[in-house]
Amino acid sequence: MCDQTFLAITFGPCDNCSQNKPLMNIYLKNEPINYCSLCVELMACQGLAKGETTNTLKAESESLKAKLEEERAKLHDVELHQVAEKIDALGQFVMKTRRTLKGHGNKVLCMDWCRDKRRIVSSSQDGKVIVWDAYTTNKEHAVTMPCTWVMACAYAPSGCAVACGGLDNKCSVYPLSLDKNENLAAKKKSVAMHTNYLSSCSFTNSDMQILTSSGDGTCALWDVESGQLLQSFHGHSADVLSLDLAPSETGNTFVSGGCDKKANVWDMRSGQNVQSFETHESDINNVKYYPSGDAFATGSDDATCRLYDLRADREVAIYSKDSIIFGASSVDFSLSGRLLFAGYNDYTINVWDVLKGTRVAILFGHENRVSTVRVSPDGTAFCSGSWDNTLRVSAYLRSSGESELRNILYNTV
Amino acid sequence: MAKNNSLHPNSNGETDDSPNMLVYRKMEDVIARMQDEKNGIPIRTVKSFLSKIPSVFSGSDIVQWLLKNLCIEDQVEALHLGTLMAAHGYFFPISDHVLTLKDDGTFYRFQTPYFWPSNCWEPENTDYAVYLCKRTMQNKARLELADYEAESLARLQRAFARKWEFIFMQAEAQAKVDKKRDKIERKILDSQERAFWDVHRPVPGCVNTTEVDIKKSSRMKNPHKTRKSVYGLQNDIRSHSPTHTPAPEAKQPTEEELREQIKFWQAQLDRHRLKMSKVAESLLSYTEQYSDYDPFLSTPDPSNPWISDDTTLWEMEASKEPGQTRVRRWGFGIDEVLKDPVGREQFLKFLESEFSSENLRFWLAVQELKRRPIREVPTRVQEIWEEFLAPGAPSAINVDSKSYDKTTQNIKDPGRYAFEDAQEHIYKLMKSDSYSRFIRSSAYQELLQAKKKKSKNLF
């Protein structure tokens, strides 16, 4: 048994309460401090209380989250694919690649359609952004960015400008001039500034506003003319990889997906996160609204695509197969929302029946990862971009009576 | 040799879930099943001309196994998956540098776990130089350098000219160690080593499967895990795959963050939800309604420009004369009319004929306001106020008093959303009143029938 007595080495003003008392020499985070014994005890109690508060808050948060899952599950009276049993199965799809766009010197990372239904803009790891008339396969404009890995690009609604960005942490807008000889780079306008890479960008219904998402975990809305930040969106706890604007005439919402496995729906006006979904097992690489705006699909590194409905407030379908083990990088709906095109890191594009949950076609042809898949504005074709440096535009040829298995080859023109 | 418990999670109960590791784990699970004694692929030693080929199985063995065990319905799909697994280096053809799967009698061998990609290999060029140099010291015809390897060796000799003596010594030492091994063991190890380099220094033209998405690579670069030295230290050998090793601890949320989370969950709990059956019916009916307009479900009329190389469809859509299908779509809902510029025009024309166009004009003006640069917003807000809402406005609209009061407040500090409440009210009004009148109007009905009369002259 030992006698524990603290030797008061000094007597003087306490660092905390300033009263003259016998002081205890203690170390707080490697810094020596002099507290009187009362203050030392108070500090210990506070620390304990704080730990308790954090723990109680955590417990409360967890229980509310669990309760929410319970409430969501209560209304789950039937599966989507069960209700879909009453509609006809789709015929077998024969798709044909009708255009192959070659010109990028490295991986194609992103592409977007122009509203004129035939032009596209694409960006690549080689730093180039190219505007093509995909119908004629002519390159109409080309810009060299000052950085490599241009991960995001978008066409302006007017068709008169494109936006792009990537490792430069910025989103820049280039007006497209009719004069082919004009140096586009000279007219470049830096609009968005993030503190990490730009993962995705999209014009709103206007050439004047751009919505961006970034590796810094935030999304932001910018005024193009002034570069002013109009609204920022915080809530993701990791990189945001993708966003999509709701297709409504009256809507002011968009959905984003990120490396925190969450898909968040945001109010553009207030900056608030209005709904959140977390059922994926890995990064969400891409999000896309169902054409009515009532639901959205996600593609993830967990090798599944999922459909979330905003009215049911839950995940309503999973599109997966045992044989698909590589992540889905990009998703898009056909015009009616019946088909979901998904590009994967195993170089294929799988086409899913959204309602029945089955796969209706698998398309080979790309020689490396498919990084982006977008259906054209009038739904007549879809374009896929790949790490094999090419872009392909494919369309539906016909239905056939044969089983799915035979009609899976991409034929080039 | 350090023993690694491959399934040990960290204190949070998490294992390394980074995207690449997820895929490696899945492939390794398949490999484990392939190597299962009972249900796996039969591995055998084949008697060749003068010698034995140890530990091999055929390409068709792999394809058949995949078809049976992974519920793959089609041979092409099985071949594709198998090729990907080979390209990542999990098994390899014993007589080819190109890592692809063939559905025939070609022989394949499993890669040793030491060389699995999940070990985060990033071998340096010096190691590659040692390897190529070592190969030239072996007097076997089958181990001769391929053309691309000889070129690489020449390049490396130039690049590492100053330390070539050291590299040569390393290669000699490695060759010595190799010679001491049992002949059969050596065959296997040599092929596995070669396959490793085929993954990390692929044949020109082949996909380099070690390339990573730069967005994900920062999370993978764990310096403690990256293996760079192939021929260096012998004592960091791991026989277990680290795809199940623990991830670094996540940051603990602060008190404030937790309070925000609680508020968020409470708001979510208060949300009104629809039953799944109702939602499903809604999704089905939407898709049904638009299936005639989906070029992937029904062939467009006259044709899909991408298939027929005829742009008539687009020319028709660009013209001011709306076709019957387009007009029919306006009947699906007010959003369809508002979305289509020709629809908007027709709707406006109809309302003007009824002297009730101010609602639509207000709605359009507010939409347009939100598309302006922020600089122009204050002026435009004033103009809209004067035109539609101010006392004595020339195109006065009727909004409920609550929205009116709010708007009066908003215009004192004019922003893009100054008229949001008023616009919402007007939209609801138009939807229930003006829109239904438009659809029932003779003007609309005529357009709907018009194609029947004009079809001969349309184009």
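In this predicted model, 113 residues of chain A are in contact with 86 residues of chain B, where contact means heavy atoms within 4.5 Å. It is a prediction, so local features need pLDDT of at least 70 and side-chain atom pairs need pLDDT 80 or more, while totals for chains, interfaces and linings use all residues. Residues are numbered from 1 along each chain as written, chains are lettered from A in the order written, and side-chain values use heavy atoms, leaving out hydrogens and water.

**Where the two chains meet**

The size of an interface is often given as the accessible area lost when the parts come together. Here chain A and chain B bury about 9100 Å² between them, 62% of it on carbon and sulfur atoms. That area is what the two parts lose on being put together, taken with a 1.4 Å probe and summed over both.

There are 11 salt bridges between chain A and chain B. A salt bridge is a side-chain nitrogen of Lys or Arg within 4 Å of a carboxyl oxygen of Asp or Glu. Take Lys107(A) and Glu211(B): their closest N and O atoms are 2.8 Å apart. On the side of chain A that touches chain B, helix α1 (residues 37-74) gives the most, with 13 residues. Helices here are DSSP runs of H or I with at least four residues, and strands are runs of E with at least two, numbered from the N terminus. That side of chain A divides into 51 nonpolar, 27 polar and 35 charged residues. Ala, Val, Leu, Ile, Met, Phe, Trp, Tyr, Cys and Pro count as nonpolar, Asp, Glu, Lys and Arg as charged, and the others, Gly among them, as polar.

**Annotated stretches of chain A**

An unreviewed UniProt entry lists residues 54-81 of chain A as a "coiled-coil region". It also places "repeat: WD" at several spans, including 101-142 and 330-362. Such annotations may be inferred rather than shown by experiment.

| Span in chain A | End C-alpha atoms apart | Helix | Strand |
|---|---|---|---|
| Residues 54-81 | 43 Å | 82% | 0% |
| Residues 101-142 | 14 Å | 0% | 60% |
| Residues 330-362 | 15 Å | 0% | 58% |

**One residue up close**

Ser200(A) lies in strand β13 (residues 198-203). Is Ser200(A) buried or exposed? Ser200(A) counts as buried because its relative accessibility is 12%; buried means under 20%, exposed over 50%, and partly exposed in between. Among the residues Ser200(A) touches are Ala152(A), Leu211(A) and Leu243(A).

**A look at chain B**

Chain B has 21 helices and 4 strands. Of its 459 residues, 46% count as buried.

Technical notes
Buried < 20%, exposed > 50% of the residue type's maximum accessible area, 1.4 Å probe, protein only. Lists of a residue's contacts leave out its neighbours within four places in sequence.
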